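Got your viewer open? Let's walk through this model together, one selection at a time.

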Amino acid sequence: MIKLIASDMDGTLLDGDSQVPEETFGLIHALTEHGVRFVASSGRRYDTLRWFFGPVADEIAYVASLGTQVYADGHLLDREVFSTLSVQKLFETCHLFDCLHLAVYEDNAVYLIDDLSSYISELDKDLGTAIRVYDPPSPEVNIIKAAVCCDRPELITEMAYVLERELGEWFTFLPSGSRWIDVTPRHVSKATGLNQVMRYFGASPDEVLAFGDSMNDYQMLRFVGHPVVVDNARYSLKQIAERVIGRNTEHAVQAALREILESLD
């Protein structure tokens, strides 16, 4: 029996307008009533995710900021903070390449360490009202997330490779979309965050199903017993999936949730 269902957001659960389809809330509530807990797993920060899931925000668990913020039943299960030295090294390395622009995040603020015009203000990167700075924030600022904007989409794979070679002992670099490279501390991922939620609810990998579409979902999908990807997912994810469903724009995850719910009735 499935005890936990985890889902990525952008490109997976969200529709073509980057919104949660209205039917999702009723499905999550019904699954919760049947003892199946839903986990939002995303690069977005915790507060942003709660806003997205307003009607059921208190019923679900969260693996936010790619695993650095983990919550269940309103309890903070884990919170990972970037070291000051690692952020400084990341800043110095990005500064070597004119196409790379670093954004770092604390719980309620975003710092763009470059000219604001260098950034593509995408909702899925939580930019919101950002603060322009010229150096990394001071050690008093707790950085929980980082992302690198590559303003030349044709170079994103090349630049992710370069960053991995330069800073692989500190971070993992994951291309996300056409212009962004997600950055996580080496020991942190959606899988480590989901593992914390699983331990909290007493669920084993074979009792967990996860939906995803991009490379920052890879470790999570490999970790669970039932990896499912949408049709618009990356090629490599389709190869390791138990099942490939329709596209996010077709509300494929919602259809799959409905199937699971019907099997419980």
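Start by selecting R165 and Y161: R165 lies over the face of the Y161 ring, 4.8 Å from the ring centre. Keep in mind along the way that this is a predicted model. For a second charge over a ring, select K145 and Y105; here K145 lies over the face of Y105, at 4.5 Å from the ring centre.

**Zoom out**

Now show the whole chain as a cartoon. You should find nine helices and 14 strands. The radius of gyration is 18 Å, close to the 18 Å that the globule rule gives for 265 residues, so the protein is as compact as a globular protein of that length. If you draw the principal axes, the C-alpha trace spans about 55 × 35 × 30 Å along them.

Switch to a surface next. The protein exposes about 11500 Å², and carbon and sulfur atoms supply 48% of that area. Colour by accessibility and you can pick out the buried residues, which make up 56% of the 265 residues. A contact map is a good companion here: among contacts between residues at least 6 apart in sequence, 58% join residues at least 24 apart.

**Salt bridges**

How many salt bridges does a search of the whole structure find? The search returns 13. Side chains of opposite charge can pair when their charged atoms come close. Three of these pairs make good stops.

Select E207 and K3. Their side chains meet in a salt bridge, with 3.6 Å from N to O. E207 sits in the loop between α6 (190-201) and β12 (208-212), while K3 is in the segment before β1 (4-7), so this pair ties together parts that are 204 residues apart in sequence. The two ends differ in how they are covered: E207 has 19% relative accessibility and counts as buried because the cut-off is under 20%, whereas K3 is partly exposed, with a relative accessible area of 32%.

Move on to D8 and K190, whose side chains form a salt bridge at 2.9 Å, N to O. D8 belongs to the loop between β1 and α1 (9-13) and K190 to helix α6, so parts 182 residues apart in sequence are tied together. Are D8 and K190 buried or exposed? D8 counts as buried at 5% relative accessibility, and K190 is buried as well, with a relative accessible area of 1%. Add D217 to your selection, and you have a network of salt bridges linking D8, K190 and D217.

The next pair is D10 and R44, with a salt bridge of 2.8 Å from N to O. This one also links distant parts of the chain: D10 is in helix α1 and R44 in the loop between β2 (37-41) and α3 (46-52), 34 residues apart. Check the accessibility of R44 and you will find a buried residue, at 0%.

**Aromatic rings**

Hide the charged side chains and show the rings instead. The structure holds seven aromatic pairs. Select Y46 and Y71: their ring centres are 3.6 Å apart and their planes are at 10°, so the pair is stacked. Y46 lies in helix α3 and Y71 in strand β4 (residues 69-72), so the pair ties together parts that are 25 residues apart in sequence. Y46 and Y71 are both buried.

For another geometry, go to F171 and F173, an edge-to-face pair with 5.9 Å from centre to centre and 65° between the planes. F171 and F173 are buried too. Then return to the tyrosines and add Y62, as Y46, Y62 and Y71 form one aromatic cluster.

**Two last stops**

Select S189, in the loop between β11 (180-185) and α6. At 6% relative accessibility, S189 counts as buried. Which residues is S189 in contact with, leaving aside its neighbours within four places in sequence? Show L66, G67 and Q219, and you have them.

Finish at D265, which is found in the segment after α9 (252-264). D265 is exposed, with a relative accessible area of 68%. Draw a distance from its C-alpha atom to that of H34: the two atoms are separated by 8.6 Å, with the residues 231 apart along the chain.

Key
Residues numbered from 1 in each chain as written. Predicted model: local features only at pLDDT ≥ 70, side-chain atom pairs only at ≥ 80, totals over all residues. Heavy atoms only, no water. Salt bridge = Lys/Arg side-chain N within 4 Å of Asp/Glu carboxyl O. Helix = DSSP H or I, 4+ residues; strand = E, 2+ residues; numbered from the N terminus. Buried < 20%, exposed > 50% of the residue type's maximum accessible area, 1.4 Å probe, protein only. Phe/Tyr/Trp six-rings, centres within 6.5 Å; stacked < 30°, edge-to-face > 60°. Lys NZ or Arg CZ within 6 Å of the ring centre and 35° of its normal. Rg over C-alpha atoms; globule rule 2.2 N^0.38 Å. Contact = heavy atoms within 4.5 Å. Areas by Shrake-Rupley, 256 points an atom, 1.4 Å probe, with all protein chains shown as cover.
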